[in-house]
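Student: Could you take one part of this structure and walk me through it closely? I would enjoy a connected account rather than a list.

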Amino acid sequence: LGHFGSRNRTPAPDRERARRTVDTLSPSRRKMAEVPAAEVPQAEKDELFCAYAAMILQDSELEISEDKLNTLIKAAGGSIDAFFPTLFAKMCQGK
């Protein structure tokens with residue numbers, strides 16, 4: 001069937017080798033992020049809060065407004081610069 005039609009795209013020895021590689025990684029190499037959350041600059045955290053809040057609103061089929069972004073961010077325990085929700089709401093307007 002070829003590569004695209006086959007059921008197992010990766011031969012068993014390769015899957016096993018990949019599993020063993022992950023299992024042998026040190027705990028520090030298994031981390032999701034390279035930078036601890038405490039070291040992420042506040043501006044990047046503000047942007048992430050807004051991006052996640054906007055995705056939640058979009059998935060919920062709700063309007064992405066400054067007020068709704070702020071409500072979600074505060075409910076998540078976040079505190080951000082007022083500039084970001086205003087910017088994100090304007091960027092998402094009509095989308």
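Tutor: Happily; here is a close look at helix α3 and its surroundings.

This is a predicted model, in which local features need pLDDT of at least 70 and side-chain atom pairs count only at pLDDT 80 or more, while totals for chains, interfaces and linings use all residues. Residues are numbered from 1 along each chain as its sequence is written, and side-chain values use heavy atoms, with hydrogens and water left out.

Let us start with the helix itself. Helices here are DSSP runs of H or I with at least four residues, numbered from the N terminus. Helix α3 covers residues 42-59, 18 residues in total, and reaches 26 Å from its first C-alpha to its last, close to the 26 Å expected at 1.5 Å a residue. That expected span is 1.5 Å times one less than the number of residues.

Now for its inward-facing residues. D46, C50, A53, A54 and L57 of α3 are buried, where buried means under 20% relative accessible area, exposed over 50% and partly exposed in between, with a 1.4 Å probe and protein chains only. They lie on the same side of α3, because they cover an arc of only 100° around the axis; the arc is taken from the directions from the helix axis to the C-beta atoms. The buried residues of α3 pack against α4 (66-75) and α5 (83-92).

This brings us to the largest nonpolar core, whose 11 residues are C50, A53, A54, L57, I64, L69, I73, I80, F84, F88 and A89. Such a core is a set of buried Ala, Val, Leu, Ile, Met, Phe, Trp, Tyr and Cys residues joined through side-chain atoms within 4.5 Å. Helices α3, α4 and α5 each supply at least two residues of this core, and the largest share, four residues, comes from α3. For L57, leaving aside neighbours within four places in sequence, the residues in contact (heavy atoms within 4.5 Å) are L62, E63, I64, K68, L69 and L72.

Past the helix, α3 is followed by E61, whose phi is positive, near 55°. S65 sits in the loop between α3 and α4 and counts as buried because its relative accessibility is 15%. The side chain of S65 reaches the backbone nitrogen of K68 at 3.2 Å.

Conventions
A polar contact is a pair of N or O atoms within 3.5 Å; within protein, one must be able to donate a hydrogen and the other to accept it, and residues adjacent in sequence count only if both atoms are side-chain atoms.
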